[in-house]
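Trainee: Got a minute to go through this one with me? I'd like to start with the ligand site.
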Amino acid sequence: MGTLDGRVAFVTGVARGQGRSHAVKLAEEGADIIGIDALADEPTVHYPLATRTDLDETAELIEHLGRRAILSRADVRDLPALIAAVDAAVASLDRLDIIVANAGIFSLGAVLDIHERTWQDMIDVNLTGAWHTLKAAVPHIRAGGRGGSVIMISSGAALMPPPGIGHYNAAKAGVVALAKTLAQEVGPEFIRVNCIGPGNVDTPMIDNDVTRRLFMPHLEQPTREDAEKPDSRYVAVNALPVPWVTPADVSNVVAFLASDASRYLTGLVVPVDAGYLVKK
Ligand SMILES: NC(=O)c1ccc[n+]([C@@H]2O[C@H](COP(=O)([O-])OP(=O)(O)OC[C@H]3O[C@@H](n4cnc5c(N)ncnc54)[C@H](O)[C@@H]3O)[C@@H](O)[C@H]2O)c1
């Protein structure tokens, strides 16, 4: 018996990283999975995004658990494509109970130096894309009349914004505002809306040379081993002596927020951050 037996979840950015981990965890708890991913690199993003192979691997992991996976290519900036993907999958799986608005990008730039394209891509993907996800999917939860759970992946950066990524901080703070607003609007239908604010999470978003240089500008070629050293800045920003959490650590909280164990929790931002916020 899983905590989510018989339920259906929609996860964006499902091909790899946290999105894959959330989808697999929800499937372990009994949910069937609808998922989308853009499967395309972004010119303003300094690391490669997910591929078709990544998406296929996620589908295999879910199906290996005996759950159904309807995963397809769609960009969260494209509202008609999102609606088409979710409508078709819900028609096949009959219901929707859980949404994980997870897809996101990361790029760098001081507030006064950010290129307009970089700014716009960030807002379009991380903020407008999250809103599109709600527009495409919440009506299906509503139509079921059983209530449900919406989980939006924000960031610790929304609550305690570090320098050098103002556009990211602003987009993720917008996600928190959106979630808290929607929580009030759909609360009467027992649809709950919460955010998770991860600290650094060990995914390709931070495990790359450019992001490492943001944290360790004094090193010319900072490595993953440098980041993991006890005196590294990755470790120094957290209360607990770790450089990052794993996707599974975030997925455990996603599964809790998706389940009835959290049935009266709504409008919250739950940090999964090894004490990043408390340390500031
Ligand atoms: N990694 C971290 O340190 C960290 C910290 C806090 C919050 N987050 C947030 O967690 C979420 C997941 O990131 P991750 O760490 O797994 O990184 P990731 O890069 O491994 O995964 C992001 C996924 O989103 C997909 N994606 C990107 N743009 C898309 C678009 N326009 N439409 C559809 N899919 C798109 C990518 O292809 C990829 O599969 C993001 O919202 C990110 O901002 C990450």
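Trainee: How many residues surround the ligand, and which are the closest?
Mentor: Keep in mind that this is a predicted model. In it, 32 residues surround the ligand. The closest are Arg16, Asp37, Asn102, Tyr168 and Thr203.
Trainee: What does an oxygen atom of the ligand meet at Tyr168?
Mentor: An N or O atom in the Tyr168 side chain, at 2.7 Å. Asn102 uses its backbone: an N or O atom there lies 2.7 Å from a ligand oxygen. Ala38 also uses a backbone N or O atom, 3.2 Å from a nitrogen of the ligand.
Trainee: And how much of the ligand does the protein bury?
Mentor: 99% of the 830 Å² that the ligand exposes when taken alone.
Trainee: Which pocket is that?
Mentor: The largest one; the ligand takes up its space.
Trainee: Which elements give two or more residues to the shell?
Mentor: Helix H1 (17-28), strand S2 (32-37) and helix H6 (166-186).
Trainee: How do the shell residues divide by type?
Mentor: 17 are nonpolar, ten polar and five charged.
Trainee: Switching topic. How many aromatic pairs are there?
Mentor: Three in the structure. One of them brings back Tyr168, paired with Phe106.
Trainee: Why is that pair edge-to-face?
Mentor: Because the ring planes of Phe106 and Tyr168 sit at 90 degrees, and over 60 counts as edge-to-face. The ring centres are 5.0 Å apart.
Trainee: Where in the chain are the two residues?
Mentor: Phe106 is in the loop between strand S4 (98-101) and helix H4 (116-144). Tyr168 is in helix H6. They are 62 residues apart, so the pair links distant parts of the chain.

Methods:
Residues are numbered from 1 along each chain as its sequence is written. This is a predicted model: local features need pLDDT of at least 70, side-chain atom pairs count only at pLDDT 80 or more; totals for chains, interfaces and linings use all residues. Side-chain values use heavy atoms; hydrogens and water are left out. A residue is near a molecule or strand if one of its heavy atoms lies within 4 Å of it. A polar contact is a pair of N or O atoms within 3.5 Å; within protein, one must be able to donate a hydrogen and the other to accept it, and residues adjacent in sequence count only if both atoms are side-chain atoms. Accessible areas come from the Shrake-Rupley method with a 1.4 Å probe; for residues, only the protein chains shown count as cover. On a 1 Å grid over the protein atoms alone, a cavity is a set of points where a 1.4 Å probe fits but cannot get out, and a pocket is an open set with protein on both sides within 12 Å along at least five of seven lines; lining residues have an atom within 4 Å of a point. A molecule sits in a cavity or pocket if more than half of its atoms lie within 2 Å of its grid points. Helices (H or I, at least four residues) and strands (E, at least two) are DSSP runs, numbered from the N terminus. Ala, Val, Leu, Ile, Met, Phe, Trp, Tyr, Cys and Pro count as nonpolar, Asp, Glu, Lys and Arg as charged, and the others, Gly among them, as polar. Rings of Phe, Tyr and Trp (its six-membered ring) pair if their centres lie within 6.5 Å; planes under 30 degrees apart count as stacked, over 60 as edge-to-face and the rest as tilted.
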